[in-house]
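Colleague: I have the sequence and the model open side by side. Can we go through the charged contacts and the packing?

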Amino acid sequence: MSPTNSIQMGSLQHQDNSLVSTAPTDVKMASLDTPPNRPSRSVSQQYLDLRSLLNCIFRSIKIVLFSNKINLLVPFGPLAILVHNVASQHGWVFILSLLGIIPLAERLGWATEQLACYTGDTVGGLLNATFGNATELIISMYAMKNGMLRVIQQSLLGSILSNMLLVLGCAFFSGGIVHPNKEQVFNKGTALVNSGLLMMAVMGLLFPAVLHFTHTELHDGKSELALSRFSSCVMLIAYGAYLFFQLTSQSNMYSPISEEDSNQDGNLVDDETPRISKWESIIWLFVLTVWISALSEYLVNAIEGASVALNMPVAFISVILLPIVGNAAEHAGAIMFAMKDKLDLSLGVAIGSSTQIAMFGIPFCVVIGWILGYPLDLNFQLFETATLFMTVIVVAFMLQEGTSNYFKGLMLLLCYLIVAASFFVHKDPQPVENNP
């Protein structure tokens, strides 16, 4: 073998030995480096998970609290609590808490609609029945806790009057002004069904009042309350049957009459697309309910003081001012739908909410009072019952043709002005405090 070949063979052996010798070393180094890297990757993963969670929370807060201009009123809620603890000015506490609850009520209804997108029609209908007028029910529960049974009756009555006269009147008026040369139409059959339910509610409120004021009770002081509780159970059953009928037989009761227009309009599709997840909707429902409950306590406690400070009757505050809390968002929504020539949706907001309060909200409060031992009945007094009776008749006449114009809306608004002026000069025959 030549020296050159021996040198080449030696170099090759040296390279082979170096390859063999470096492989275990690399494995050992990799095995030594791996354990320290595992904790660093888990910490980075935890950091990324935390960051994504915070981003999700901030995004949800931005959508819920900063996507609507009405949320500019949210700071009035904490300001009301501050004024209550510092100055104890009942008039200012009432006004600030009233303004602070308005955006929360709107967001509560919005969160309910978001959750209904994930649950389907049946559960969505039950959610709307439960949370649709949750603000009014929460205020009623705190009023019941304080023994202010007349405030419960008058605030729920005022919510019905506000929806039927003010909200529907503004919708008809604004729709007629925007579309002066076009006759706006809506589903007359749906309107008549709701009018029938409202007449049934009037019947439930009328008979206990007549029984009381004609002094024809079989058992003095007991028959009126027993009749109210029985009628409330019947009204709840009727409303449950109405929901079942609506969700099974008439699933599209408030859909626009013109199917072609509804198919061409992409806004309805966009409105039905949820902007937050299912669990975000549930969490926000809980948070907003607790928030509204806290402010409702300050609102109810300030009613009597606000009546003295503002020089207004408690009846006017309960019937006219308190319903603004729950109906402000519905008011704006009904007007926007009417201006877009979607009167069926406006009717669903105004008359549907009135039906819900009359057939579900009022009987529900009576049954809860029965369970808790409060003598809340359906005797709303003759003045309030007559007001509701006349309102239902006037609105039923306005809806019987299935058409609307700005003059019908103007008449409804003027009727509401008469109702508001009547309660401003009305003296409640019963004291506000009505403890059992």
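**Arginine 107 and its partners**

Modeller: Arginine 107 uses its side chain to reach the backbone oxygen of valine 64, at 3.1 Å. Keep in mind that this is a predicted model.

Colleague: Which helix holds arginine 107?

Modeller: The residue is buried, because its relative accessibility is 3% and the cut-off is under 20%. Its place is in the helix spanning residues 90-131, which is α3.

Colleague: With which residue does arginine 107 form a salt bridge?

Modeller: The closest N and O atoms of the pair are 2.7 Å apart, within the 4 Å cut-off. Both partners are buried. The partner is glutamate 106.

Colleague: Which residues does arginine 107 contact, leaving aside neighbours within four places in sequence?

Modeller: Valine 64 offers its backbone oxygen to the arginine 107 side chain. Val64 is also on the contact list. The full list is Ile63, Val64, Ser67, Asn68, Asn71 and Leu288.

**The network at arginine 150**

Colleague: How many salt bridges does the structure hold?

Modeller: One of them pairs arginine 107 with glutamate 106. Another pairs arginine 150 with glutamate 384. The structure holds six.

Colleague: How many residues apart are arginine 150 and glutamate 384?

Modeller: Their salt bridge has its closest N and O atoms 2.8 Å apart. The pair links distant parts of the chain, with arginine 150 in α5 (residues 149-178) and glutamate 384 in α14 (residues 381-399). The separation is 234 residues.

Colleague: Is glutamate 384 buried or exposed?

Modeller: Buried means under 20% relative accessible area. Glutamate 384 has 1% relative accessibility, so it counts as buried.

Colleague: Where does aspartate 428 lie?

Modeller: Arginine 150 forms a salt bridge with aspartate 428, the closest N and O atoms being 3.0 Å apart. This pair also links distant parts of the chain, 278 residues apart. Aspartate 428 lies in the segment after α15 (406-424).

Colleague: Which residues are linked in a network of salt bridges?

Modeller: Arginine 150 forms a salt bridge with glutamate 384. Arginine 150 also forms one with aspartate 428. The network links Arg150, Glu384 and Asp428.

**Packing of α14 and the core**

Colleague: Why are the buried residues of α14 on the same side of α14?

Modeller: Among the buried residues of α14 are Gln381, Glu384, Leu388, Val395 and Leu399. The buried residues are on the same side because they cover an arc of only 155° around the axis.

Colleague: Which elements do the buried residues of α14 pack against?

Modeller: α14 has 19 residues and reaches 27 Å from its first C-alpha to its last. Its buried residues pack against α5, α6 (188-213), α13 (343-372), β2 (403-404) and α15.

Colleague: Which element gives the most to the largest nonpolar core?

Modeller: That core has 97 residues. Those with the most contacts inside it include Ile152, Leu388, Val395 and Leu399. The element that gives the most, with 13 residues, is α5.

**Serine 223**

Colleague: Which backbone nitrogen does the side chain of serine 223 reach?

Modeller: Serine 223 is in helix α7 (residues 223-248). It is buried, with a relative accessible area of 16%. Its contacts, leaving aside neighbours within four places in sequence, are Leu211, Glu217 and Leu218. At 3.5 Å, its side chain reaches the backbone nitrogen of leucine 218.

How values were computed:
Residues are numbered from 1 along each chain as its sequence is written. This is a predicted model: local features need pLDDT of at least 70, side-chain atom pairs count only at pLDDT 80 or more; totals for chains, interfaces and linings use all residues. Side-chain values use heavy atoms; hydrogens and water are left out. A salt bridge is a side-chain nitrogen of Lys or Arg within 4 Å of a carboxyl oxygen of Asp or Glu. Buried means under 20% relative accessible area, exposed over 50%, partly exposed in between (1.4 Å probe, protein chains only). Helices (H or I, at least four residues) and strands (E, at least two) are DSSP runs, numbered from the N terminus. The expected span of a helix is 1.5 Å times one less than its number of residues. The arc is that of the directions from the helix axis to the C-beta atoms. Contact means heavy atoms within 4.5 Å. A polar contact is a pair of N or O atoms within 3.5 Å; within protein, one must be able to donate a hydrogen and the other to accept it, and residues adjacent in sequence count only if both atoms are side-chain atoms. A nonpolar core is a set of buried Ala, Val, Leu, Ile, Met, Phe, Trp, Tyr and Cys residues joined through side-chain atoms within 4.5 Å.
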